[in-house]
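Subject: Structure handover and findings

Hello,

The structure is below, with the sequence. My notes follow it.

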Amino acid sequence: MKVYINTKKAALLLMLGTGLTLSSCNKWLDVQPKTELKQEDLFSTQQGFYEAMTGAYVTMTDEGTYGRELTIGMLSVMASDYSVESSSQQAIEYLKPVENFDYEKGQFKSMIGGIWLKQYNTVAQVNAILENIDAKKHLFTGENFNLIKGEALALRAYIHFDLLRLFAPAYVAKDAQKYLPYVTSYGRNATPFSDVDGVINATLKDLDEAEVLLVKDPIGNRGTVDRQLRMNLYAVKGLKARIYLYMGNKPLAFAKAKEVIDANKVRLMAAGTDVNLDRSFHTEHLFSIFKEKHDTRVVVWLRVGDGTGNGGVPYYFTTQTKLSTNIFKNQPTDVRFKMPMIMPFSGNLTPHKYLYEDLSPSTLGMKKNYIPLMRISEIYYIAAEAAPDAATGFEYLNKVLTSRGLQTLTVTADLQAELKSEYRKEFFTEGQTFYYYKRLNANQLDDSPVTQMTAQTYVLPLPDDEKIFGGR
């Protein structure tokens, strides 16, 4: 495949933290962004490797991927989180093809091409790290070599698995066709495409190595930085659980999910926890990214209205009936549904998962601008779905329900139906709900205008440039 390289290093975000170390290297606390550097200069110091890794995370915050389209934007539209037909005319023109899975219409096609390009840009950045790091092992102190290399391998796996979930059919509907390359080298040489199993196997190989390297990850240790903003050990284990469930391997999915839960490093919040300052539930993130001023961008999308921000219908909008009844089931005790999580604006209800505009900017302790990419709640859902028996499954599901302020369920309930309901509520405006439907190859998405989904409907088309210039 073609590899496009953005040679300008992304500016370092202070909120990403600086603690890849178990040693006492205080210089890591004073990392400064630099201008363009040649690889030999960038990778001449431990700090240079750290900055390169941070640059990869910053790239992931682009609005073309996790900063918008692969979270609150395109994927949430495809999952029918919004009421596009009731939104502004601008939104209808832009989003209706997305909601209808009409890949060739409007700006949807260019949106898809941007995702492919930008995701492989991130892969290129981590591959540059991986091609240089072994020869420079002597530069590192403490556990820093293992942490950087482990993160790079895990991030490469994370990006490729999301590409697979977008550009290939669900595992249950897989065929022998080759859909995307699993790129492990830095440069412009074409990488042969792989079939679904080939990508999965390469992903798990990287994660196996990453898990060994990250065995001494300091996540959760008192006094350490926020490792939940990086591909830490438990994000690796959680991603394995996600992949095993995607494959339909429930025993391995359950085992890996149980490892994450039993480690107790990232926990569900207690029932009744005040979420006013932590609306994305950052304490529950297994892996997230930080995007400076993300909240101000979300305000634009949710408050655009008539173009002035003072009225009309927002760009991303869900009618009160759909939001209250269809998604959140009119359950007033659900912490994800009541204020401050869902608040009124100009006669509408809008999500405040990423917004804190009702609070003074000087309010201390706000955990805004975090974008969750993997949550501990998903690991509980995986454990519930993959559990060896219904009683165990409901035990895990009920722990999430209790945390969210809901009543527990008995084994007479429909576990899969309850899990689908939970995915819609828990991952509203995060994009993961679409992947839930696709994993099951569901023939219909709730509230979607598409009445019949097929295995191929779920598959995003290969960008035209890749078809022409990709070496195939």
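Helices (H or I, at least four residues) and strands (E, at least two) are DSSP runs, numbered from the N terminus. This is a predicted model: local features need pLDDT of at least 70, side-chain atom pairs count only at pLDDT 80 or more, and totals for chains, interfaces and linings use all residues. Residues are numbered from 1 along each chain as its sequence is written, and side-chain values use heavy atoms, with hydrogens and water left out.

**Salt bridges**

A salt bridge here is a side-chain nitrogen of Lys or Arg within 4 Å of a carboxyl oxygen of Asp or Glu. The structure has 37 of them. For accessibility, buried means under 20% relative accessible area, exposed over 50%, and partly exposed in between (1.4 Å probe, protein chains only).

Start with helix α9 (residues 250-263). Lys256 and Glu259 sit three residues apart in it, so about one helical turn separates them. Their side chains form a salt bridge at 3.4 Å, N to O. Lys256 is buried, at 11% relative accessible area. Glu259 is partly exposed, at 34%.

Other pairs span more of the chain. Glu63 and Arg297 form a salt bridge at 2.7 Å, N to O. Glu63 is in the loop between α2 (46-59) and α3, and Arg297 is in helix α10 (residues 294-303), so this pair ties together parts 234 residues apart in sequence. Glu63 is partly exposed at 23% relative accessibility. Arg297 is partly exposed too, at 31%.

Lys237 and Glu211 meet at 2.9 Å, N to O, in another salt bridge. Lys237 belongs to helix α8 and Glu211 to helix α7 (residues 196-213), 26 residues apart. Both residues are buried.

There is also a network. Salt bridges with shared partners join Glu284, Asp334, Arg336, Arg404, Glu422, Lys425 and Glu426.

**Cavities**

Where is empty space left? Rolling a probe the size of a water molecule over the atoms shows this. On a 1 Å grid over the protein atoms alone, a cavity is a set of points where a 1.4 Å probe fits but cannot get out; lining residues have an atom within 4 Å of a point. Grid points are joined across faces, edges and corners, and a volume is the space filled by probe spheres set on the points.

How many cavities of 30 Å³ or more are there? The count is six. The largest holds about 120 Å³. Its lining is Phe161, Arg165, Arg242, Leu245, Tyr246, Glu378, Ile382, Tyr423, Gln432, Tyr435, Tyr436 and Arg439. Four helices give two or more residues each: α6 (144-167), α8 (233-247), α12 (376-386) and α15 (432-439). The largest share, four residues, is from α15.

Classes run as follows: Ala, Val, Leu, Ile, Met, Phe, Trp, Tyr, Cys and Pro are nonpolar, Asp, Glu, Lys and Arg are charged, and the others, Gly among them, are polar. The largest cavity is lined by seven nonpolar, one polar and four charged residues.

The second largest cavity holds about 90 Å³. Its lining includes Phe281, Arg336, His352, Lys425 and Glu426. By class it has six nonpolar, one polar and five charged residues. Arg336, Lys425 and Glu426 are also members of the salt-bridge network.

**Asn326**

Asn326 is in helix α11 (residues 320-327). It is partly exposed, at 27% relative accessible area. Contact means heavy atoms within 4.5 Å. Beyond its neighbours within four places in sequence, Asn326 contacts Thr321, Arg424 and Asp447. The C-alpha atoms of Asn326 and Asp447 are 8.1 Å apart, with their positions 121 residues apart along the chain.

**Helix α4 and backbone notes**

In helix α4 (residues 89-99), the buried residues are Ala91, Tyr94, Leu95, Pro97, Val98 and Glu99. They pack against α3 (74-78) and α5 (108-133).

Phe101 lies in the loop between α4 and α5. Its phi is positive, about 55 degrees, although it is not a glycine. Phe101 is buried, at 6% relative accessibility.

Lys293 is another non-glycine with a positive phi, about 65 degrees. It lies in the loop between β3 (285-290) and α10. Lys293 is exposed, at 54% relative accessible area.

Last, the peptide bond between Met339 and Pro340 is cis, with omega about 10 degrees. Pro340 is in the loop between α11 and β4 (342-345).

Best regards

Technical notes
On a 1 Å grid over the protein atoms alone, a cavity is a set of points where a 1.4 Å probe fits but cannot get out, and a pocket is an open set with protein on both sides within 12 Å along at least five of seven lines; lining residues have an atom within 4 Å of a point.
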